[in-house]
Amino acid sequence: MSENQHLLAEQRRALILDEVRRRGGARVNELTRRLGVSDMTVRRDLDALARQGMLEKVHGGAVPVVEASTHEPGFEAKSGLELSAKEDIARAAAALVTPGTAIALSGGTTTYALAQHLLEVPDLTVVTNSVRVADVFHAAQRTSGQRPGAATVVLTGGVRTPSDSLVGPVADQAIAALHFDLLFLGVHGISVEAGLSTPNLAEAETNRRLVHSARRVVVVADHTKWGTVGLSSFATLGQVDTLVTDAGLPQEARAEVAERLRRLIVAGEPDLEDTAGDLEDTAGDDEEPDGDDMAAEPGDATEDN
């Protein structure tokens, strides 16, 4: 695709990884045609992704890595993946936040993207166990000074994980004493059977505390997280109010999510909750009046909703 010729290396590698995972493998010559770059560029990208443990090189191309349930990629390794999807998800999730509320953001690259969209929402109290998320708000204050309505940030403390989250007894105790209106939760994996999961046992316990302290739980996860299962589950789908994801989520997965969650938001597409309401109204308008309705007195007529 000619428009892909000027992609940044990180964006190009994200496309390659998505292609390999989606199709179960990809050849170098296929990737060069799709991306409009040279064989040498694709091979360098494959080498970089293989060094990060994101795929396995084979003769003539690459195949997905079958990851152990304990494998935990670092923040940098994940930050270059699914960039456009994460940005779309972050923008859609930010629209759920009301000024003046107390929210929590877990660790992860998608919640990191979300934090950047929340800088202009006034009077927030932000609880987070993510060093990266806290840095977004602190950096904004250093740049522009302490402006009116700037977020109050509570960093939980704890032991740092490869994904730059703070976990363990210190984080758990801090979170247990707090209550917030809305939790935005990044996940390693999500599935019907395992629910929400992570490869890090300590992070699983900290995430359980976050879920328990929240009035509403919003999972922010791109389509590649669907079907992935980490070592430890920390919540069922029934404990999630809303999933915000991207258009890459397969239709069968959307159907399974819709059966179990109150709300599914696919970034860039109509909100299913709002669409359902519109369809109900339309169905009511299309019904033919029966004889009784025709005979009703004017004062008994119902109003259109």
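Which residues does leucine 196 touch, not counting residues up to four places away in sequence? The views below start there, in a predicted model.

**View 1. Leucine 196 and its contacts.** Leucine 196 touches Leu185, Val187, Gly189 and Ile190. It also touches Val219, Ser232, Ser233, Phe234 and Ala235. Leu237 and Val240 complete the list, which leaves out residues up to four places away in sequence.

**View 2. The largest nonpolar core.** This core holds 29 residues. Phe180, Leu183, Leu185, Val187, Leu196 and Leu243 touch the most other members. Several strands each supply at least two residues: β4 (102-105), β9 (180-185), β12 (214-220), β13 (232-235) and β15 (263-266). Helices α9 (201-213) and α10 (251-260) each do so as well. Another core, of 28 residues, lies apart from this one. Its members include Ala90, Ala94, Leu119 and Phe137.

**View 3. The seven-stranded sheet.** Seven strands form an open sheet, and the pairing is parallel. Their order is β6-β5-β4-β9-β12-β14-β15. Strands β6 (152-155) and β15 stand at the edges. Each has a single partner strand, so one side of each is left without a neighbour in the sheet. From one strand to the next, the twist averages 20°. Strands of a sheet pair through backbone hydrogen bonds, either parallel or antiparallel.

**View 4. From β4 across to β14.** Follow the pairs strand by strand. β4 and β9 run parallel, joined by three bridges. Here alanine 104 stands opposite leucine 183 in β9. Next, β9 pairs with β12 in the parallel sense over five bridges. Leucine 183 appears again, opposite valine 217 in β12. β12 is mostly covered, with five of its seven residues buried. Its pairing with β14 (residues 242-245) is parallel too, over three bridges. Valine 218 has threonine 242 in β14 as its bridge partner.

**View 5. The three-stranded sheet.** Now turn to an open sheet of three strands, in the order β1-β3-β2. The pairing is antiparallel. β1 (26-27) and β2 (55-58) stand at the edges. Each of these has a single partner strand, so one side of each lacks a neighbour in the sheet. β2 and β3 (residues 61-64) pair over four bridges in the antiparallel sense. Valine 58 has glycine 61 in β3 as its bridge partner.

**View 6. Helices on the three-stranded sheet.** Helix α1 (residues 9-23) packs on this sheet and touches β1, β2 and β3. The direction of α1 makes about 65° with that of β3. Helix α3 (residues 39-51) packs on the sheet too, touching β2 and β3. The direction of α3 makes about 130° with that of β2.

**View 7. Helix α3, buried and exposed.** Helix α3 has 13 residues. It reaches 18 Å from its first C-alpha to its last, close to the 18 Å expected at 1.5 Å a residue. Thr41, Val42, Asp45, Leu46, Ala48 and Leu49 are buried. Seen down the axis of α3, the buried residues fall within an arc of 160°, so they line one face of the helix. An α-helix has 3.6 residues a turn, so residues three or four places apart point the same way. What covers the buried residues of α3 includes α1, α2 (28-35), β2 and β3. On the other side of α3, Met40 and Arg51 are exposed. Just after α3, glycine 53 takes a positive phi of about 80°.

Methods:
Residues are numbered from 1 along each chain as its sequence is written. This is a predicted model: local features need pLDDT of at least 70, side-chain atom pairs count only at pLDDT 80 or more; totals for chains, interfaces and linings use all residues. Side-chain values use heavy atoms; hydrogens and water are left out. A nonpolar core is a set of buried Ala, Val, Leu, Ile, Met, Phe, Trp, Tyr and Cys residues joined through side-chain atoms within 4.5 Å. Buried means under 20% relative accessible area, exposed over 50%, partly exposed in between (1.4 Å probe, protein chains only). Contact means heavy atoms within 4.5 Å. Two strands pair if DSSP finds at least two bridges between them. Axes are lines fitted to C-alpha atoms, for helices over the stretch in contact, and angles run from 0 to 180 degrees between N-to-C directions. The expected span of a helix is 1.5 Å times one less than its number of residues. The arc is that of the directions from the helix axis to the C-beta atoms.
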